[in-house]
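Biologist: I have a new model open on my screen, and I would like to learn how its labels are earned. Could you go through it with me?

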Amino acid sequence: MRVKFKLFLHKFEIYALSLIAMGVIGFCIHYAIALVILNKEIKPSVGMLYPRESETREVRSLDGLWNFVKSDPTNPTQGVRDRWFADDLSRVQETIPMPVPASYNDITTENELRDHVGTVWYDRKFFVPRSWADKQRVWLRFGSVHYEAFVYINGEMVVRHEMGHLPFEAEITNFLKFGEENRITVMCDNALIQTTVPQGKITEVSRDNGVAIVQTYSFDFFNYAGIHRSVHLYTTPLTYIEEMEITTDLSKDNNVGLVYYKVKTNGTAANEAENNLYVRIQLRNKEGKIVANETSNSDLKGVLEVQKVMPWWPYLMHPEPGYLYQMEVFLHGVNNVLHDVYRIKVGIRTLRWNNTSFTINSKPVYFRGFGRHEDSDIRGKGLDLALMTRDFNLLKWIGANAYRTSHYPYSEESMQFADENGIMIIDECPSVDTENFKQELLDKHKSSMEQLIHRDRNHPSVVMWSIANEPRTNQLNAGSYFQYVANYTRELDPSRPVTAAIAVPSSDDKAAKYLDIISFNRYNGWYSNSGRLDMITKRVIDEATTWFKKHNKPVIMSEYGADTVEGLHLLPSYVWSEEYQTELFSRHFRAFDTLRKESWFIGEFVWNFADFKTAQTVTRVGGNKKGIFTRNRQPKAVAHLLRQRYFALGREVDQCNFPEDLFTYIADVRPSRNAKHDTTDL
C-alpha cells in the first residue's frame, strides 16, 4: 500500500511539474509573440495645406471665446452616451467661457481643471454665408487639439483625430446650413496611456472624499490640453489643389537654383477627366518679379530653373538669411479654365551629410541653439503670436542659428517664422521617454512621423528629423523598433538626415546605429556629479568621442544645462544660483571648443531656452528652471555669456559681424604716456 501511495505521489509530482512546465512554456510563447514587432503599412495623410486666401479660396477664423464643460473624471464617456453634441452645451450643464486657442488648464483658478484627466467639451455658433454654397467646398481645419479630438457639426460627427500637436481637417460642405447659424462641438480627451504618443499611465487612487483619477507620465513638462492652435473654415473650388511637395537643389556653384514640384489634385469636376488638368507655375522673388515659370503636363510635376538664384541661408551665415521666393500655382482644366490658385513660400537650398560633416549649400554648419518648449504663463501651449515673435527676436539677439522642437511639433506659424528668419530646425515628433515597445505603439509612432513630415516637408528651415527624445533605447526590442521608425522616416523624406536625442550611455544603446546624426543629452554637473564643476569638461569630450568612435557619424550635444532661480546669487557658486549656471556653461564651452577641432562634432544645444511648467514634484520649484530666459522671457545672467559665445562662433565659423552692444565698455587699459609699463603687465 505504501509503495502504491509513493508511486501515486511520484506520478502526481510529474503531472504537476508538467502543468507548471506547460504554463511556463505558454507564458514564454505568449511573451515571445508580444515581443514580435511587424513593420506595418501606415495610412498616409491627405491634403492639409495651410489655409491661405487666393482668387479661388476664402479663409475665416473660428478663434475666440468658446463655451466649455468639463466631464466627470470618473465618467468620461457620459457626454457621448447622453449625446451632448446634439444640442447646445449650455442645455447640458452650466458652461464657462474658454479661449481658443489656449490650453484650458491654467485659465481658471480651479485646481480640478488644471489637473483634470479625461474629456472636456467645447462648442460655439457660427454663420456660413449663402455665397459659399455655390460650386465650392467648405473645410474645417484644426491646427492642434491635445490629445484626441472628436468634432461634430450640427450634431453630426465629421472627424476624429488622435495625436496632439499636429493638424487635421475634414470637408464639411454637406453638414452645413448655408446662410444660417451652425454649431461646432469638440470633445477633447487628454488621457495618455502606454500606447499613445507620448506615453503615460492612468491610475485610480483614494483621497479624502473618495477616489481620484490620476494621470502620470515620465516626461518633464506639463501635460497641457485643449484646442491649442487656430481653428479655420476655408473654401476650395470643386476641383482643387489638394497637396504639394517641393524639393530644391543648387548647381553651378550655387548660381542656379532648381525647384522640383509635385502637385496633387482632387474633386475633379463633372465630365472632366483628370488627364485634362495641368498646372501653371510662377516663381517670384522678394521684389515680386517672375524669375521662373513653367506649365506642367498632366502628371502635374516638373522643375523650375532659377538663374542667379538667392539661396536660403541660415541666420548669420549670409548677409541676407532666410531668403524666400513665392511660388504661385494655377490649376487649369478643359479649355484652360482656371480651377484653383494656391501660393506658398519656397527657400532654395541643398543639404548634404556624411560621417564627419553636415553642410548647407556646400558650406559646413556648426549648430548653436536650444531645446525649447511651447509654454507660457496662463495660455500654456496655446498659440500666442506675440510670444512667438518675442522668442524669435531673442533667438536672433543671442546669435542662435537653430533649435529643436522638443518634444513635439511646434505650430505651423512658428515654422513659417523660422523660414523667414533663417533659423534651422531639428523637427521632433511627440515621442518622448518612449518605452515598452509594442506593435500598437510602433504604428502610432510611425503615424506621428508621417503626419509631421507631411506637414513640414516644404519648409526650408527644417534640416533634420528627430524621431524621439530620450527613448529607453537600452530595452529589449528597442533596436528593431527604432530601425523601423528611422527607415520609415527616410522612405518618406530621403533629403534630410534622421536623428534622435539619446540619453542612455553608448554602451547600452540599441538605436543610434540606425540614425544619420548622433545626438546625445547629458547633464554633467547637475544630474551627474551635482555641484562638481571640475567633473564636466573631460566627461563631455570623452562621451562625444565615444559616440563617434562607435558609430562613425556626426555628433551633436543636444542637451546640457542646470536649473537656476533668477536672482539667486551665491559666491562661491552653488547649485541653483546664477553663478553656478554661468560656470557650468563655461566648462561645457571648453569641451565644445576641444571637440570642434574634430570636424565630426557639429553642434551644441542648450537646455533650455526658457523656464517652463512641469508636473508637481518636490524637485521642481514652479517648473523646470533650466532656461537661460525666465518664463516671461527675460534674460538670466548666463544669457549674456551665451550671447557672447554664439556671436564669437558666428564670427569665427560664418564671418558674421558683432552687434555693437555685445561687449560692455569696461576701461581703457592702454598704458598712460608717463607709466613705466610694457605689454606684459596686461
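Modeller: Gladly; what follows is a set of questions about the words used for this structure, each answered by setting a value against a cut-off. Keep in mind that this is a predicted model.

Biologist: Let's start with the layout. What domains is the chain divided into?

Modeller: There is domain 1 (58-190 + 225-237), domain 2 (239-346) and domain 3 (366-654). These bounds come from an automatic or database domain assignment.

Biologist: How do you know where the largest nonpolar core lies?

Modeller: Look at who contributes to it. Domain 1 and domain 3 both give residues to this core, so it lies between them. The core has 93 residues, and Phe370, Ile628 and Leu642 have the most contacts inside it. Helix α9 (residues 578-596) supplies the largest share, seven residues. A second, separate core has 32 residues, among them Leu62, Val138, Ile153 and Val231.

Biologist: Now a single residue. Why is Met464 called buried?

Modeller: Buried means under 20% relative accessible area. Met464 has a value of 0%, so Met464 is buried. This residue sits in strand β28. Beyond its neighbours within four places in sequence, its contacts include Phe358, Phe367, Ile425 and Ile556. Pro497 is another contact; the C-alpha atoms of Met464 and Pro497 are separated by 5.2 Å, although the two are 33 residues apart along the chain.

Biologist: And a charged residue such as Glu374: why does that one count as buried?

Modeller: The test is the same cut-off, under 20%. Glu374 has a relative accessible area of 16%, so Glu374 is buried too. You will find Glu374 in the loop between β25 (367-371) and α4.

Biologist: What polar partner does the side chain of Glu374 have, and what makes that a polar contact?

Modeller: The side chains of Glu374 and Arg229 are joined at 2.8 Å. A polar contact needs N or O atoms within 3.5 Å, so this pair passes on distance. There is also a polar atom of the Glu374 side chain 2.9 Å from the backbone nitrogen of Ser411.

Biologist: What makes you say that helix α5 is largely enclosed by the rest of the structure?

Modeller: Count its buried residues. Nine of the ten residues of α5 (residues 412-421) are buried, so the helix is largely enclosed. Among them are Met415, Phe417 and Ala418, as well as Glu412 and Asp419. The buried residues pack against several elements, including β5 (136-142), α6 (439-456) and β28 (462-469). Just after α5, Gly422 takes a positive phi of about 70 degrees.

Biologist: Why is the pair Lys264 and Glu242 called a salt bridge?

Modeller: The rule asks for a side-chain nitrogen of Lys or Arg within 4 Å of a carboxyl oxygen of Asp or Glu. For Lys264 and Glu242, the closest N and O atoms are 3.8 Å apart, so the pair meets the rule. Lys264 lies in strand β16 (residues 256-266) and Glu242 in strand β15, 22 residues apart.

Biologist: Are the two ends of that bridge buried or partly exposed?

Modeller: One of each. Lys264, at 39%, is partly exposed, whereas Glu242, at 7%, counts as buried.

Biologist: How many salt bridges does the whole structure have?

Modeller: The search finds 47. One of them joins Lys444 and Glu440, with closest N and O atoms 3.5 Å apart. Both lie in helix α6, four residues apart, about one turn of the helix. They also belong to a network of salt bridges with Glu148, Arg160 and Glu162.

Biologist: Finally, how do you know that domain 2 and domain 3 touch?

Modeller: Contact means heavy atoms within 4.5 Å, and 15 residues of domain 2 are in contact with 20 residues of domain 3. The two domains bury about 1,500 Å² between them, 58% of it on carbon and sulfur atoms. On the domain 2 side, Trp312, Tyr315 and Leu316 lose the most area, together 45% of what that side buries. The rule finds one salt bridge across this interface, and six residue pairs are in polar contact.

Methods
Residues numbered from 1 in each chain as written. Predicted model: local features only at pLDDT ≥ 70, side-chain atom pairs only at ≥ 80, totals over all residues. Heavy atoms only, no water. Core = buried A, V, L, I, M, F, W, Y, C linked by side-chain atoms within 4.5 Å. Buried < 20%, exposed > 50% of the residue type's maximum accessible area, 1.4 Å probe, protein only. Helix = DSSP H or I, 4+ residues; strand = E, 2+ residues; numbered from the N terminus. Buried area = accessible area lost by both parts, 1.4 Å probe. Polar contact = N/O pair within 3.5 Å; in protein donor to acceptor, adjacent residues only side chain to side chain.
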